[in-house]
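This report is written for a reader who is new to the structure shown below. It goes from the whole chain to its cores and then to single residues.

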Amino acid sequence: CFLVWALYLFFRGLRARSGRAAALFALLGGVVYGLGFHSYLAFRATPLLLVLLVPLFHREARFWRIALLFGAAASLAAWPLASHFLEHPAQFSRRMSQASSLGDSEPLRALAHNFSWTLSQLFREGSAIPRHNLPGNPQVFWPISVLLGLGLILQGCAAIRARLRGTAEGGDAMAPPRVAMLLLAWLLIGLIPAILARPGATRYLLSATPIFIFAGVGAAVLDRRVAALESRPLRRALPLVAAALLLLLAGRTYHFYFHEWASDARTRHGFQAHVTELARFLEALPPHRRKVVVRAERGAYLPARAVRFLTRSYSRETERSTNLRFVDANKLSVEGDSVVVHRDGGRWGVRGV
């Protein structure tokens, strides 16, 4: 979201009619781009894409002025995070070192494996993490992946033809060569986080926009080629066929999301539904009784802050009003007239003291 709007505002600045409007778009774009660094870690790969703007668009009028204003605004928006990392440098690379595959005994083999795995997850079998995907399904729905492949092939051929002819136009439903190069670079750079780390669905997010743009190119070219056929019945049937396909896509997505994925037990576990169940269970207990939540299972994950938030016991004052505290099993020491809350066989239970 941040990258899309930042690039949109950058190019609006290049196309603006007045210098004031160009400066305003550049500043807004820079702020939006700088805020992107406060979002997901994979956003750190995006400067590689911005560097590519220089050889592709540096001959545009106002380019360097727009780039300077954009960079200055982006630096200001990203400064709070940058200053934090300057004070705590170890935190800058901590998560990257945790997820990176470069620490493997054979990093080149790991990178090659991750690259093939990354492409495979797009078209064949996607992430197995229920929070991100219904395990076993590709990251991109197969009709979209077919259009993606078609769009990449057609756009690549069109860019090569335009280059050979010395023209800047893209042709039938195609982007101009330099825009096609930017989109292709965006796609490849967007896959870097998944390639450097172990591929996961969230690490594909940067590449989502060019994936759907190339799929749209494939669909647009297919639509124009069919519309150009001499057969009148086929041309008349094209809108109906397109509408039917769109309805099928929407219906399949609806069923996939609200029925298959939402009702899957793995999704429930992946989103830690037991935390919400515990919060509701605690709120149903008598408010005047002291409640002690015990983490008795070895290695069990109990995000106490989330439970405190859901039960409105996130401060010392509200903790007293809700009579709620959390302890580990080996530190359990409760007073009389308390209720000990524990997990037994997948269910929450109580034991009076």
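The chain holds 14 helices and four strands. The model is a predicted one. Of the 353 residues in the chain, 35% are buried. Among contacts with a separation of 6 or more, 66% join residues 24 or more positions apart. The chain exposes about 21,700 Å², and 63% of this area comes from carbon and sulfur atoms.

**Nonpolar cores**

In soluble globular proteins, nonpolar side chains tend to be buried together. In this model the largest nonpolar core has 41 residues. The residues with the most contacts inside this core are L3, L7, F10, F11, Y33, L49 and L53. Helices α1, α2 (19-36), α3 (47-57), α4 (63-87), α8 and α9 each supply at least two of its residues. The helix that gives the most is α8, with nine residues. A second core is separate and has eight residues, including V293, V307, L324 and F326.

F10 can serve as an example from the largest core. Leaving out residues up to four places away in sequence, F10 touches L53, F63, I66, A67 and F70.

**Three single residues**

The table sets out the place and accessibility of three residues.

| Residue | Place | Relative accessibility |
|---|---|---|
| R15 | helix α1 (residues 2-15) | 48%, partly exposed |
| S207 | loop between α8 (177-196) and α9 (208-227) | 0%, buried |
| T322 | helix α14 (residues 316-322) | 18%, buried |

Is T322 buried or exposed? T322 counts as buried because its relative accessibility of 18% falls under the 20% cut-off. Beyond residues up to four places away in sequence, T322 touches P287, K291, T311, R312 and S313.

S207 also counts as buried, at 0% relative accessibility. S207 lies in the loop between α8 and α9. Which residues does S207 touch, not counting those up to four places away in sequence? They are L187, G190 and L191.

R15 has a relative accessible area of 48%, so R15 is partly exposed, a class that runs between the 20% and 50% limits. Apart from neighbours within four places in sequence, R15 is in contact with E60 and R178. R15 and R62 are 47 residues apart along the chain, and their C-alpha atoms are separated by 9.2 Å.

Conventions
Residues numbered from 1 in each chain as written. Predicted model: local features only at pLDDT ≥ 70, side-chain atom pairs only at ≥ 80, totals over all residues. Heavy atoms only, no water. Buried < 20%, exposed > 50% of the residue type's maximum accessible area, 1.4 Å probe, protein only. Contact = heavy atoms within 4.5 Å. Core = buried A, V, L, I, M, F, W, Y, C linked by side-chain atoms within 4.5 Å. Areas by Shrake-Rupley, 256 points an atom, 1.4 Å probe, with all protein chains shown as cover.
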